[in-house]
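The following exercises are to be worked with the sequence and the model at hand. Each task is followed by a stepwise solution.

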Amino acid sequence: MSNPFELSARKTWPTTFFFRVWQDHPRYAPAIIEHLYEAKQRQSTEIASKVAVGAKSAQGLYESPFDLFDDPAPVLLPLRGFIVASLCMAASRVNGGSIPPDRLAVEFEASWYHITNRGGFHDAHYHPGCSWCGIYYLQAGDSAGGSEGAPGNGVNRFYSPISTGGHHSDYGANYLSSNRIDITPQDGLLFIFPSYLLHSALPYQGARDRVILSFNARIDPADDEESPEPVDAPAADRPAPQPRSTDRSKETIPWK
């Protein structure tokens, strides 16, 4: 039993990321990428979704309509299944396993591709209307993490949800000084994040295009499952502290 007279701590409202590499990426990715390029050729405009056009670069970025997973093409089904399974595992884990993954159902509120080059970017934004979002890196191209004092090429940047405005800058608040992290694309990497996070895609330039598939998801119990009361996630599922970079304003997560 813990001693009530000793200082104790509890983490509340943690921000959890999930990441997973698809084992079958080398098998399926070439055909998926070919399918997306065929769809790109049919687009009459770069930003086919017509959503938040002002937040996206005027050149170098091709975005599909937000209904990619409604496409019945068989080539997309294996990747869609991998993403659905991963989302169910993630939602079950953050909710303490109160409903097992195989008793959850996923609805894609939106799904789309980005094909980027020539400095294409997407400015900082949120994803409304969903609980979890994700990025699957089909082709990282020449994406790379940034060097000291310089931004990365084609990285996805996520910003802290904790407002640091007005706090006193001393040692006591030093743990809040890292206010963003950069995710460096890697072929076959699925990155899942909560929808409330502000994030962006930094400009990309490379010999090959940067090709990703993104989605917004709603996750609920299957029709025959009752939703349980909210529970605290077990300690094992709470995110471990990440090592801080020399640049105290950001952290970079290397995946290789």
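A residue is called buried under 20% relative accessible area, exposed over 50%, and partly exposed in between (1.4 Å probe, protein chains only). The model is predicted: local features need pLDDT of at least 70, side-chain atom pairs count only at pLDDT 80 or more, and totals for chains, interfaces and linings use all residues. Residues are numbered from 1 along each chain as its sequence is written, and side-chain values use heavy atoms, with hydrogens and water left out.

**Exercise 1.** Determine whether Leu190 is buried or exposed, and identify what it touches.

Step 1. Leu190 belongs to strand 8, residues 189–194; strands (E, at least two residues) and helices (H or I, at least four) are DSSP runs numbered from the N terminus.

Step 2. The relative accessible area of Leu190 is 1%, so this residue is buried.

Step 3. Contact means heavy atoms within 4.5 Å. Residues up to four places away in sequence not counted, Leu190 touches Phe18, Phe19, Arg20, Phe82, Ile83, Ser86, Ile135, Tyr136 and Phe215.

Step 4. Gly134 is 56 residues from Leu190 along the chain, yet their C-alpha atoms are separated by 7.0 Å.

**Exercise 2.** Establish how the buried residues of helix 1 are arranged around its axis.

Step 1. Helix 1 covers residues 25–42. Its 18 residues reach 25 Å from first C-alpha to last, close to the expected 26 Å, where the expected span is 1.5 Å times one less than the number of residues.

Step 2. The buried residues of helix 1 are His25, Ala29, Ile32, Ile33, His35, Leu36, Ala39 and Lys40.

Step 3. Viewed down the axis, these buried residues fall within an arc of 165°, so they line one face of helix 1; the arc is that of the directions from the helix axis to the C-beta atoms.

Step 4. An α-helix has 3.6 residues a turn, so residues three or four places apart point the same way.

Step 5. The face turned away from the buried side carries exposed Arg27, Pro30, Gln41 and Arg42.

Step 6. The cover over the buried residues of helix 1 includes strand 2 (61–63), helix 2 (77–94), strand 3, strand 5 and strand 10.
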